[in-house]
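Morning, everyone. I have one structure to walk through today. Please have a look at it on the screen first.

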Amino acid sequence: LTFPLLSVTLLVSFGSSMLYGYNLAVVNSPAVHIKAFYNATWSQRYGHGLAPGPLTLLYSLTVSIFALGGLVGSLLVGVLVERYGRNGALSRSALLVLLAGGFMGFSRELRSPEMVIIGRSITGLHSGICLSVVPLYLGEIAPKNLRGFLGLVPSIFICLGVFSAQVLGLPELLGEDRFWPLFLSVVVVPASLQLLLLHCFPESPRYLLIERNDICRATKALHRFLGTPDVQDVIKEMKEEQQSLSSMEMVSVWQLLRDRSVRWQTLSVVVVNAGMQLSGIDAIWFYTNIIFENAGIPVSQIPYTTVGTGAIEVVAGLIG
């Protein structure tokens with residue numbers, strides 16, 4: 001485990017994967033303040049406040065548009081990694097976070113609920129891209145014996161992102177009404193760090209060799225990540241993979257779903273992912289405070305109980 005390999009793993013996990021977890025949980029704590037802002041803005045514009053139903057609908061749109069942005073982002077991954085590479089796609093996606101942070105951070109000053117919703121959709125777009133690109137990049141730069149370990153680091157940082165949002169949402173920190181725009185836009189800090197430092201690390205050697213046919217840069221990248229001058233065996237293995245891929249036909253998602261030869265594999269992937277997403281964890285991330293309030297927990301204790309759920313998730317991620 002070389003220093004460059006560990007450094008870039010921590011950097012992309014902190015600057016990309018952690019933001020996904022943070023954006024999942026960040027709307028839970030300031031829900032009351034965001035709704036009050038929407039209601040006050042509506043009153044200023046139209047002379048009357050929003051009824052409870054439309055207000056809930058508008059806030060639900062703010063929460064759920066993150067997932068819709070993620071769907072769009074995941075569909076763009078193939079094009080981005082082919083055109084810009086793995087490292088390049090992650091660097092450019094960080095710009096989306098800076099844009100989203102600007103929208104959400106200045107939304108109250110400009111009296112614009114639309115800016116919050118747009119900012120949330122852009123953070124979703126970023127998360128949809130990074131959830132695929134980060135494991136792809138780490139899987140391609142890591143030696144075989146470390147791929148499992150490095151592949152788990154982003155998952156742990158997702159849990160840390162959720163936990164960070166819950167801690168920062170405490171009343172003693174950014175949980176007050178005046179701080180909610182700052183609370184939503186804190187994401188620009190990890191993204192800026194990634195944008196500044198990621199260019200110091202090489203592109204994926206596999207991408208350079210197989211997709212760009214650049215043996216010189218691929219060799220240099222392997223020297224840097226593996227910390228050894230002898231990388232000919234790895235180069236030879238990638239060349240063999242390049243030859244096998246050249247004779248292989250790529251299929252679309254629709255073709256994959258129609259291919260009977262891999263039907264059980266496809267169903268297995270769908271069932272496992274559906275089971276995770278429909279387990280109720282998303283509801284806990286988005287609406288923890290409301291759930292605990294309905295359960296009868298005193299309002300003053302809810303923020304700290306919420307932090308407890310995040311702490312359990314971090315521990316579970318480390319045990320996993």
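I will go from the overall fold to the charges, and then to a few single residues.

One thing up front: this is a predicted model. Every number you hear is computed from it.

Let's start with the fold. How many helices and strands are there in the protein chain? There are 14 helices and 0 strands. Reading from the N terminus, every element in the run is α. So how does the packing compare with a globule of that length? The radius of gyration is 22 Å, and the globule rule gives 20 Å for 320 residues. Those two are close, so the chain is as compact as a globular protein of that length. For the outer dimensions, the C-alpha atoms fill a box of roughly 70 × 45 × 40 Å along the principal axes.

Next, burial and contacts. Of the 320 residues, 43% count as buried. Now take the contacts between residues at least 6 apart in sequence. In 77% of them, the partners are at least 24 apart. On the outside, the chain exposes about 16600 Å². Carbon and sulfur atoms supply 67% of that area.

On to charges. The protein chain has 21 positive and 20 negative charges. How far apart are their mean positions? The answer is 4 Å.

Salt bridges next. The whole structure holds 5 of them. I will take three pairs.

Pair one is Arg86 with Glu211. The closest N and O atoms are 3.1 Å apart. In sequence, the partners are 125 residues apart. Arg86 sits in helix α3, which covers residues 52–105. Glu211 belongs to helix α8, residues 205–211. Are the two buried or exposed? Arg86 has a relative accessible area of 3%, so it is buried. Glu211 comes out at 34%, so it is partly exposed.

Pair two is Arg206 with Glu140. Here the closest N and O atoms are 3.2 Å apart. Again the pair links distant parts of the chain, with the two positions 66 residues apart. Arg206 is in helix α8, and Glu140 is in helix α4, residues 113–141. Glu140 is at 13% relative accessible area, so it counts as buried.

Pair three is Arg178 with Glu176. Their closest N and O atoms are 3.1 Å apart. Arg178 is exposed, at 53% relative accessible area. Glu176 is partly exposed, at 34%.

Now, which residues are joined into one network by salt bridges that share partners? They are Arg86, Glu140, Arg206 and Glu211. Pairs one and two, in other words, belong to that network.

Let's move to single residues. First, Gly70. You will find it in helix α3. The relative accessible area of Gly70 is 16%, and the cut-off for buried is under 20%, so Gly70 is buried. What does Gly70 touch, leaving aside its neighbours within four places in sequence? Its contacts are Gly124, Leu125 and Gly128. Ile129 is worth a look as well. Gly70 and Ile129 are 59 residues apart in sequence, yet their C-alpha atoms are 7.3 Å apart in space.

Second, Thr288. This residue lies in helix α13, residues 281–294. Its relative accessibility is 2%, so Thr288 counts as buried. Beyond the neighbours within four places in sequence, Thr288 is in contact with Asn28, Ala283, Thr306 and Thr309.

Last, the backbone. Most residues other than glycine have a negative phi. Two residues here go the other way. Arg111 has a positive phi of about 55° although it is not a glycine. Where is Arg111 placed? It is in the loop between α3 and α4. At 40% relative accessible area, Arg111 is partly exposed.

The other one is Asn213. Its phi is positive too, near 55°. Asn213 is in the loop between α8 and α9, where α9 runs over 215–226. Its relative accessibility is 52%, and exposed means over 50%, so Asn213 counts as exposed.

To recap: a chain of 14 helices, a salt-bridge network of Arg86, Glu140, Arg206 and Glu211, and positive phi values at Arg111 and Asn213. Thanks for listening.

Notes: Residues numbered from 1 in each chain as written. Predicted model: local features only at pLDDT ≥ 70, side-chain atom pairs only at ≥ 80, totals over all residues. Heavy atoms only, no water. Helix = DSSP H or I, 4+ residues; strand = E, 2+ residues; numbered from the N terminus. Rg over C-alpha atoms; globule rule 2.2 N^0.38 Å. Buried < 20%, exposed > 50% of the residue type's maximum accessible area, 1.4 Å probe, protein only. Contact = heavy atoms within 4.5 Å. Areas by Shrake-Rupley, 256 points an atom, 1.4 Å probe, with all protein chains shown as cover. Lys, Arg positive; Asp, Glu negative; His and termini not counted. Charge placed at Lys NZ, Arg CZ, Asp CG, Glu CD. Salt bridge = Lys/Arg side-chain N within 4 Å of Asp/Glu carboxyl O.
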